[in-house]
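Subject: The structure I promised you

Hi,

Here is the structure we talked about, so please open it before you read on. My notes on it come right after.

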Amino acid sequence: MTTTTGTPGAYAPRPGAAPLGRMIAAQAVLETRMLLRNGEQLLLTVIIPTLLLVLFSSVDIIDTGAGESVDFLAPGVLALAVLSTAFTGQAIATGFERRYGVLKRLAASPLPRWALMTAKTASVLVTEVLQIILLTAIAFGLGWSPHGNPAAVLLLLVLGTAAFSGLGLLMAGTLKAEATLAAANLVFLLLLVGGGVIVPLDKFPDAAQSVLGLLPISALSDGLRDVLQHGAGMPWGDLGILAVWAVAGLAAAGKFFRWE
């Protein structure tokens, strides 16, 4: 073995960054492990949605209309799972990473900033897949009987994830970590109550319904419910609302996000 200068027995160093795809995959695995090891994150992403699904499906507390309660609740809880991971969990985690200088250090690494955000998005998607598998299994055990177009469900979930990710990153990149923690949890609670997740929107006054129906959580929960409970085709109205929120949120996050 020779070096480039012809000296036998020496290795020729080849410094350089790992392939971009490998760096993104490694960062995504790290982000997912950190998310799943965080007790507060597990409370938001797994325990609360599971408890809400089991409790309100088993006890007749809220009038969910004709049919089994679980048929109404399961789509809403799936929407809540997307909200908890893509918005609340991501906003809090990213906000504290920014506060402690983690994002600044990562930005100085060979991993491009857009690749870091791609890895975070991949981590969110992996977590959501695990959430959906768990919640779907529980809902089936409670007697859920979904039907509809799987492609419509997938498109709703993807657009919902994009919308909430953009809003979560916007909050994390503009507010202090403590303010992000308080605001993200407050928004989670408000949307849980007023976003059509557990309480039907028709229980609110007409004026409030018009406003609440434009929220991304309402569009996602209603769209999933139209497909999975009522067997509708593509819920274009709800998809349009989610698309607007996704474009606006991601664009604003890209423009105003501060790395330090």
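Let's begin with contacts, meaning heavy atoms within 4.5 Å. Of the contacts in the protein chain with a separation of 6 or more, 79% are between residues 24 or more positions apart.

Some ground rules before the details. This is a predicted model, where local features need pLDDT of at least 70 and side-chain atom pairs count only at pLDDT 80 or more, while totals for chains, interfaces and linings use all residues. Residues are numbered from 1 along each chain as its sequence is written, and side-chain values use heavy atoms, with hydrogens and water left out.

**The overall picture**

The protein chain has ten helices and zero strands (DSSP runs numbered from the N terminus: H or I of at least four residues for a helix, E of at least two for a strand). The C-alpha trace spans about 85 × 35 × 35 Å along its principal axes. Of the 260 residues, 45% are buried; buried means under 20% relative accessible area, exposed means over 50%, and partly exposed is in between, with a 1.4 Å probe and protein chains only.

**What the UniProt record says**

An unreviewed UniProt entry lists "domain: ABC transmembrane type-2" for residues 36–260. UniProt positions follow the numbering used here, feature names are shortened, and annotations may be inferred rather than shown by experiment. In the model, residues 36–260 are 76% helix and 0% strand, with the end C-alpha atoms 25 Å apart.

The unreviewed entry also carries the annotation "transmembrane region" for residues 42–62, 74–96, 122–145, 151–172, 179–201 and 236–257. I looked at two of these spans. Residues 42–62 are 81% helix and 0% strand, and their end C-alpha atoms lie 26 Å apart. For residues 122–145 the helix share is 83%, again with 0% strand, and the ends are 30 Å apart by C-alpha atoms.

**The pocket and the cavity**

Both come from a 1 Å grid over the protein atoms alone: a cavity is a set of points where a 1.4 Å probe fits but cannot get out, a pocket is an open set with protein on both sides within 12 Å along at least five of seven lines, and lining residues have an atom within 4 Å of a point. Grid points are joined across faces, edges and corners, and a volume is the space filled by probe spheres set on the points.

The largest pocket has a volume of about 400 Å³. It is lined by 23 residues, and Leu-35, Asn-38, Gln-41, Gly-89 and Ala-93 are the closest to its centre. Which helix gives the largest share of this lining? That is α3, with eight residues. Helices α1 (20–37), α2 (39–58), α3, α5 (113–141) and α7 (177–194) each supply at least two. By class, the pocket lining has eleven nonpolar, eight polar and four charged residues. Here Ala, Val, Leu, Ile, Met, Phe, Trp, Tyr, Cys and Pro count as nonpolar, Asp, Glu, Lys and Arg as charged, and the others, Gly among them, as polar.

Searching the whole structure turns up one cavity of 30 Å³ or more, with a volume of about 40 Å³. Its lining is Phe-56, Val-59, Asp-60, Ile-61, Ile-62, Thr-64, Ser-69 and Leu-73.

**Residues to click on**

Try Gln-90 in helix α3 (residues 69–99). Gln-90 is buried, at 6% relative accessible area. Its side chain makes a polar contact of 3.4 Å with the side chain of Ser-165 (a pair of N or O atoms within 3.5 Å; within protein, one must be able to donate a hydrogen and the other to accept it, and residues adjacent in sequence count only if both atoms are side-chain atoms). Leaving out residues up to four places away in sequence, Gln-90 touches Thr-85, Lys-120, Val-124, Ser-165 and Leu-169.

Next, Ser-57 sits in helix α2. Its side chain reaches the backbone oxygen of Leu-53 at 2.6 Å.

Then there is Ile-62, in the loop between α2 and α3. Beyond residues up to four places away in sequence, Ile-62 touches Phe-56, Ile-198, Val-199 and Pro-200.

Last, is Gly-249 buried or exposed? Gly-249 is buried, at 2% relative accessibility, and lies in helix α10 (residues 236–256). Its C-alpha atom is 8.3 Å from that of Ala-162, 87 residues away along the chain.

Cheers
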